[in-house]
Amino acid sequence: MLIPAGTPDTFNCMTASWGGLGVLWGKPVAYIFVRPNRHTVGFINDNPSLTLSFMPESHRADVLFCGRNSGRDVDKMANTSLKPVTTETGLVTYEDAELVLECRKMFKTRLQEADFLDWSEVSPKWYAEDNPLHDLYICEITRALVP
């Protein structure tokens with residue numbers, strides 16, 4: 001899955017696999033986890049909505065590239081076969097996405113070490129010194145598109 005955030009003129013995307021779908025506060029929601037040091041975080045924080053863009057297997061190399069390279073350092077669109085498109089509501093996704101969830105941010109918090117019940121099991125694998133704890137975003141799914 002890719003998370004493009006920003007505007008059609010200025011956006012970035014990141015690869016994500018941590019998250020899920022459900023119902024919360026009477027709404028269909030997606031929850032995603034994003035490290036605060038990711039370049040895409042600024043785009044997520046500066047805009048009320050984003051998309052979750054699920055790409056087909058044929059774009060695996062593009063999804064991996066976007067996860068391994070920062071938009072601070074490289075132009076992801078110039079280095080992949082991804083073709084950005086704008087949804088009817090003005091959000092960014094990709095031409096070949098198999099499923100697009102348009103999401104409106106509802107809640108954000110930073111995970112805290114003190115809140116983990118099994119920190120000793122989680123921390124060595126996922127939170128080394130250079131890997132800050134994730135921000136958790138809960139987003140209302142406002143539209144689902146199957147292009």
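This is a short tour of the structure, one selection at a time.

The model is predicted: local features need pLDDT of at least 70, side-chain atom pairs count only at pLDDT 80 or more, and totals for chains, interfaces and linings use all residues. Residues are numbered from 1 along each chain as its sequence is written, and side-chain values use heavy atoms, with hydrogens and water left out.

**The sheet**

Start with the strands. Helices (H or I, at least four residues) and strands (E, at least two) are DSSP runs, numbered from the N terminus. Seven strands form an open sheet, in the order β2-β1-β5-β8-β9-β4-β3, with antiparallel pairing. Two strands pair if DSSP finds at least two bridges between them. Select 11–15 and 19–24: these are the edge strands β2 and β3, each paired on one side only. From one strand to the next, the twist averages 35 degrees. Axes here are lines fitted to C-alpha atoms, for helices over the stretch in contact, and angles run from 0 to 180 degrees between N-to-C directions.

**Along the strands**

Go to β3 and β4. They form a hairpin with two residues between them. Pick W25 in the turn: its phi is positive, about 55 degrees. Six bridges join the two strands, and G20 has Y31 in β4 as its bridge partner. Next, show β4 with β9, an antiparallel pair with six bridges. I32 is partnered by Y137 in β9. Then take β5 and β8, antiparallel over six bridges. Here S49 stands opposite R104 of β8.

**The helix on the sheet**

Select 60–68. This is α2, which packs on the sheet, touches β1 and β2, and makes about 105 degrees with the direction of β2. Which residues of α2 are buried? They are D62, V63 and C66; buried means under 20% relative accessible area, exposed over 50%, partly exposed in between (1.4 Å probe, protein chains only). These buried residues fall within an arc of 100 degrees seen down the axis, so they line one face of the helix. The arc is that of the directions from the helix axis to the C-beta atoms. The buried residues pack against β1 and β2. On the face turned away, find exposed A61 and R68.

**The core**

Finish inside. The largest nonpolar core (buried Ala, Val, Leu, Ile, Met, Phe, Trp, Tyr and Cys residues joined through side-chain atoms within 4.5 Å) has 17 residues. I3, V34, L50, L52 and C103 have the most contacts inside it. Another core, of ten residues, lies apart; L2, C13, M55 and V100 are among them.

Technical notes:
Contact = heavy atoms within 4.5 Å.
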